[in-house]
Amino acid sequence: MGSGRHLLREEDFAPAISALQRARIETLFLIGGNGTMAAAAHLHTVAQGQVQAIHIPKTIDNDVAGTEVAPG
């Protein structure tokens, strides 16, 4: 597992998807809050279904829509 606080720019998504495909990674689990959830959704959209992005909420404010309790 790794972590980071890097805000992805639009031009970051295509190279990231290419790297995932070269490594034969079909599913990516992202743990984080609203920004991570937005990145996961955009990654899935840009990948056109070739990479599945699953968001696991972890936010201290428990403010991710549709989530009653988060481990933050």
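Start with the whole protein chain, whose elements run α-β-α-β from the N terminus on, with two helices and two strands in total; helices (H or I, at least four residues) and strands (E, at least two) are DSSP runs, numbered from the N terminus. This is a predicted model, in which local features need pLDDT of at least 70 and side-chain atom pairs count only at pLDDT 80 or more, while totals for chains, interfaces and linings use all residues. Residues are numbered from 1 along each chain as its sequence is written, and side-chain values use heavy atoms, with hydrogens and water left out.

Next, select helix H1, residues 10-22, and show the side chains of Asp12, Phe13, Ile17 and Leu20, which are its buried residues. They lie on the same side of H1 because they cover an arc of only 130° around the axis, the arc being that of the directions from the helix axis to the C-beta atoms. Buried here means under 20% relative accessible area, exposed over 50%, and partly exposed in between (1.4 Å probe, protein chains only).

Now add strand S1 (27-32) and helix H2 (34-46), against which the buried residues of H1 pack. Then turn to the face of H1 that points away from its buried side, where the exposed residues Glu11 and Arg22 are found. Following H1, select Arg24, whose phi is positive, near 60°.

Finally, return to the whole protein chain, where buried residues make up 22% of the 72 residues. Of the contacts (heavy atoms within 4.5 Å) in the protein chain between residues at least 6 apart in sequence, 56% join residues at least 24 apart.
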